[in-house]
Amino acid sequence: MAEGGAARRIEGGPIAAEIRTAVAEDVATFTATVGRPPGLAVVIIGRDAPSTVYLEQILRGCAKVGIEARFVELEGEATEAAVVARIRELNADPAVDGVIVQMPLPPTIRLRSVIDAIDPDKDIDGIHPLNAGLLRLGYDGFLPATAHAAVEILRRSGIEIAGRDAVVIGRSAVVGMPAAFLLLKEDATVTVCHSRTGDLAAHVARADIVVVAAGHPGLISGAMLKPGAVVVDVGINMVDGRLVGDVDFDSAAGVASAITPVPGGVGPLTNALLLTHLVRAAQRHVAADRISTTVG
Ligand code: NAP
């Protein structure tokens, strides 16, 4: 990765390592107290799906901190009903605390059916409408891990968010919108831009914080930024066999005060935060079981 100008380079790796150390301690306490490790099920439909490599990374990350994680594999030709039925089995499995489903889904399976099937209490990547609604209302639900990472990397780097003008580029349900709501919760003034935004450059030029999640390499350059802006690049794109973000790093680093690189910025934090969500789900399940046992 080429170096840019004056900007502080915000590395996600060291922050992720700190998070994983804390998770490993929580997992050890949980396992000693409850008599089983926290459990994650990763539903994959077809082994050759492009996201399998990413999901294998999650499994390895779980193993390192003592979480019991496994693939639940369905054939690439599996029907929507079969996928939904498998998710419901996992919802009912007491050893499973969190469920994530490989995305994107095969075209024959409707996203909404899968999302609706996941128990919101096991929805550790925050895709169920209940968790999206909790975030919208400012309550604590499960957050989509990438959006969480995009804002957590700012918080853990000591970047002031309250009172700043933030522009989020991208309005997807899993990244852009939840990142915007999280920034709002942190008291930023937030503008959400998308592919139909009339004058993207004008919005970006006013922003103290720019979160870019468009999937469009080189969308943001240094010339577009307000001097001293903080840039969080969420984009992941393959260009000429190289992983790059949505921001032209070198020109942006010459103008910004801080910037996250790709790779090595938001990505590592995303995986680490997903582990914290899983542990929280496990702790909540045990607490809920205790209450139902007492009441019952
Ligand atoms: P998505 O569903 O394709 O959404 C992209 C968003 O960007 C849409 O809202 C789209 O606008 C907007 N957009 C596209 N081109 C634009 C342009 N030229 N100007 C302004 N807005 C534009 O993608 P996603 O799932 O949100 O992911 C966004 C990026 O984050 C991708 O590169 C993805 O690979 C990456 N990602 C990273 C991680 C990580 O851990 N770092 C995790 C997940 C995703 P419309 O709504 O108008 O179409």
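# Notebook: loops, a ligand and some odd bonds

I started with isoleucine 161, which turned up in the loop between H6 and strand S5 (165-169). Note to self: this is a predicted model. Is isoleucine 161 buried or exposed? I looked up its relative accessibility and got 4%, so it counts as buried. Then I checked what it sits across from. Isoleucine 161 and threonine 189 are 28 residues apart in sequence, yet their C-alpha atoms are 9.1 Å apart in space.

I stayed in that loop for another residue. Isoleucine 159 is also between H6 and S5. Its relative accessible area is 11%, and the cut-off for buried is under 20%, so isoleucine 159 is buried. I picked valine 230 as its partner: the two are 71 residues apart along the chain and 8.3 Å apart from C-alpha to C-alpha.

**Helix H6**

Next I went to the helix before the loop. How many residues of H6 are buried? H6 covers residues 145-155, and nine of its eleven residues are buried, so I wrote it down as mostly covered. Among the buried ones I noted Ala145, His148, Val151, Glu152 and Leu154.

**The ligand**

Then I turned to the ligand. I found 20 residues around it, and the closest are Thr146, Arg171, Ser172, Ser195 and Ile236. I sorted that shell by type: nine residues are nonpolar, ten are polar and one is charged.

Which side chains put an N or O atom close to a ligand oxygen? I went through three of them. For arginine 171, the distance from a side-chain N or O atom to an oxygen of the ligand is 2.7 Å. For serine 195, the matching distance is 2.6 Å. For threonine 270, a polar side-chain atom is 3.1 Å from a ligand oxygen. I also looked up how much of the ligand is covered. On its own the ligand has 930 Å² of accessible area, and the protein covers 68% of that.

**Two buried polar side chains**

I wanted to see what buried polar side chains reach. Histidine 277 is in helix H10, which spans residues 266-295. Its relative accessibility is 4%, so histidine 277 counts as buried. What does its side chain reach? I found the backbone oxygen of isoleucine 124, 2.8 Å from a polar atom of the histidine 277 side chain.

Glutamine 102 was my other pick. I located it in the loop between strand S4 (98-101) and helix H4 (111-117). At a relative accessible area of 2%, glutamine 102 is buried. Its side chain reaches the backbone nitrogen of isoleucine 45 at 2.6 Å.

**Cis bonds**

The loop between S4 and H4 had something else for me, as proline 104 is there too. I checked the peptide bond from methionine 103 to proline 104 and it is cis, with omega near -5 degrees. I wrote that down because most peptide bonds are trans.

I found another cis bond further along, from valine 262 to proline 263, with omega near 0 degrees. Proline 263 is in the loop between strand S11 (258-259) and H10.

**Positive phi**

Now the backbone angles. Most residues other than glycine have a negative phi, so a positive value is worth a line in this notebook. What is phi of aspartate 187? I read a value near 70 degrees, which is positive. Aspartate 187 is in the loop between helix H7 (176-185) and strand S6 (189-193). Its relative accessibility is 53%, so aspartate 187 counts as exposed.

Aspartate 240 went on the list as well, with phi near 50 degrees. I found it in the loop between strand S9 (237-239) and strand S10 (242-244). At 79% relative accessibility, aspartate 240 counts as exposed.

**Rings**

Last stop, the aromatic rings. How many aromatic pairs are there? My count came to zero. I did find a charge over a ring, though. The charged end of arginine 280 sits over the ring of phenylalanine 142, and I noted 5.0 Å to the ring centre.

Key:
Residues numbered from 1 in each chain as written. Predicted model: local features only at pLDDT ≥ 70, side-chain atom pairs only at ≥ 80, totals over all residues. Heavy atoms only, no water. Near = heavy atom within 4 Å. Polar contact = N/O pair within 3.5 Å; in protein donor to acceptor, adjacent residues only side chain to side chain. Areas by Shrake-Rupley, 256 points an atom, 1.4 Å probe, with all protein chains shown as cover. Nonpolar A, V, L, I, M, F, W, Y, C, P; charged D, E, K, R; others polar. Phe/Tyr/Trp six-rings, centres within 6.5 Å; stacked < 30°, edge-to-face > 60°. Lys NZ or Arg CZ within 6 Å of the ring centre and 35° of its normal. Helix = DSSP H or I, 4+ residues; strand = E, 2+ residues; numbered from the N terminus. Buried < 20%, exposed > 50% of the residue type's maximum accessible area, 1.4 Å probe, protein only.
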